[in-house]
Amino acid sequence: MRCPFCGHDETQVKDSRPSEDGAAIRRRRLCPACEGRFTTFERVQLRELTILKRSGRRTPFDRDKLARSISIAIRKRPVEPERVERMISTIVRQLESMGETELPSSTIGELVMKQLKELDDVAYVRYASVYRDFRETQDFARFLGEEGLSEVGEAGR
């Protein structure tokens with residue numbers, strides 16, 4: 001593993017243990033050249049996934065990008081990080097088990113929506129507002145009515 005600080009080609013593993021959810025191995029590393037310390041995570045990857053964007057462009061699937069979009073939706077919400085990590089792992093497993101190597105971005109969006117709806121209503125509506133590209137308050141109202149979440153809107157008043 002290359003050192004992220006100085007670029008040295010070899011680093012030493014000082015400690016390895018399973019992550020909290022057991023889906024990854026957490027490794028503490030030390031660079032012998034600059035003595036920098038950093039952490040890496042090792043996960044099983046069943047297949048290389050390519051995401052087909054709405055524009056027609058193809059990009060490699062990025063678990064970290066998925067995690068960032070979910071973290072934006074749950075910002076300042078009372079959701080434990082372990083539950084979020086389990087949710088992300090569940091989504092990735094579902095994507096990998098579909099048997100396809102190329103998936104439309106809408107597939108990821110729908111899986112995230114389904115998981116967020118079970119996790120937190122406010123995070124679900126936040127994510128939906130970006131995913132469904134709400135432009136006006138009527139878009140929110142229509143969505144909340146369709147989803148039977150009108151009490152979420154009432155609580156904010």
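# A walk through the helices, strands and charged pairs

In this predicted model, a good place to begin is the meeting of two helices: Arg63, Leu66, Ala67, Ile70 and Ile74 in α1 are in contact with Val84, Glu85, Met87, Ile88, Ser89, Ile91 and Val92 in α2. Sorted by class, this contact of α1 with α2 holds nine nonpolar residues, one polar residue and two charged ones. Helix α1 covers residues 63–74 and helix α2 covers residues 81–96; their axes come within 11 Å and cross at roughly 135°. An angle from 115 to 145 degrees falls outside the parallel, antiparallel and perpendicular ranges, so α1 and α2 are oblique to each other. Their crossing is right-handed.

Now look at charge in this part of the model. Side chains of opposite charge can pair when their charged atoms come close. Glutamate 85 and arginine 63 form a salt bridge, with 2.3 Å from N to O. Glutamate 85 belongs to helix α2 and arginine 63 to helix α1, so the pair ties together parts that are 22 residues apart in sequence. Are these two partners buried or exposed? Glutamate 85 has a relative accessibility of 24% and therefore counts as partly exposed, whereas arginine 63, at 17%, counts as buried. The cut-off for buried is under 20% relative accessible area.

Between α1 and α2 runs a loop, and lysine 76 is found there. Its phi is near 60°, a positive value in a residue other than glycine. With 79% relative accessibility, lysine 76 counts as exposed.

Arginine 77 also sits in the loop between α1 and α2. Which residue does arginine 77 pair with in a salt bridge? The partner is aspartate 120, and the closest N and O atoms are 2.9 Å apart. This pair links distant parts of the chain, for aspartate 120 is in the loop between α3 (105–119) and α4 (121–131), 43 residues apart from arginine 77. Arginine 77 counts as partly exposed at 28% relative accessibility, while aspartate 120 counts as buried at 9%.

From here, turn to α3 and its contact with α2. The axes of α2 and α3 come within 10 Å and cross at roughly 145°, and this crossing is right-handed. On the α2 side the contact is made by Arg83, Val84, Met87, Thr90, Ile91, Gln94 and Leu95; on the α3 side it is made by Thr107, Ile108, Leu111, Val112, Gln115, Leu116, Glu118 and Leu119. By class, these residues divide into nine nonpolar, four polar and two charged. Val84, Met87 and Ile91 of α2 are among the residues that meet α1, and they are also among those that meet α3.

Further along the chain, α4 meets helix α5, which spans residues 137–147. Their axes come within 11 Å and cross at roughly 130°, which makes α4 oblique to α5. Here too, α4 passes α5 in a right-handed crossing. Tyr124, Val125, Ala128 and Ser129 in α4 are in contact with Phe140, Phe143, Leu144 and Glu147 in α5. This contact has six nonpolar residues, one polar residue and one charged residue.

Let us now go back to the strands. Valine 13 lies in strand β1, residues 12–18, and is partly exposed, with a relative accessible area of 40%. Which residues does valine 13 touch, leaving aside neighbours within four places in sequence? The contacts are with Arg27, Arg28 and Arg29. In contrast, the C-alpha atoms of valine 13 and proline 104 are separated by 38 Å, and these two residues are 91 residues apart along the chain.

One of those contacts, arginine 27, forms a salt bridge with glutamate 42, the closest N and O atoms being 2.9 Å apart. Arginine 27 is in strand β2 and glutamate 42 in strand β3, so the bridge ties together parts that are 15 residues apart in sequence. Glutamate 42 counts as partly exposed, with 43% relative accessibility. The loop between β2 (24–30) and β3 (37–43) holds glutamate 35. This glutamate 35 has a positive phi of about 65° although it is not a glycine, and it is exposed, with a relative accessible area of 63%.

How many salt bridges does the whole structure contain? A search finds seven, including the pairs of arginine 27 with glutamate 42, glutamate 85 with arginine 63, and arginine 77 with aspartate 120.

Conventions: Residues are numbered from 1 along each chain as its sequence is written. This is a predicted model: local features need pLDDT of at least 70, side-chain atom pairs count only at pLDDT 80 or more; totals for chains, interfaces and linings use all residues. Side-chain values use heavy atoms; hydrogens and water are left out. Axes are lines fitted to C-alpha atoms, for helices over the stretch in contact, and angles run from 0 to 180 degrees between N-to-C directions. Helices (H or I, at least four residues) and strands (E, at least two) are DSSP runs, numbered from the N terminus. Angles under 35 degrees count as roughly parallel, over 145 as roughly antiparallel, 65 to 115 as roughly perpendicular and the rest as oblique. A crossing is left-handed if the near helix is turned anticlockwise from the far one by less than a right angle, and right-handed if clockwise. Contact means heavy atoms within 4.5 Å. Ala, Val, Leu, Ile, Met, Phe, Trp, Tyr, Cys and Pro count as nonpolar, Asp, Glu, Lys and Arg as charged, and the others, Gly among them, as polar. Buried means under 20% relative accessible area, exposed over 50%, partly exposed in between (1.4 Å probe, protein chains only). A salt bridge is a side-chain nitrogen of Lys or Arg within 4 Å of a carboxyl oxygen of Asp or Glu.
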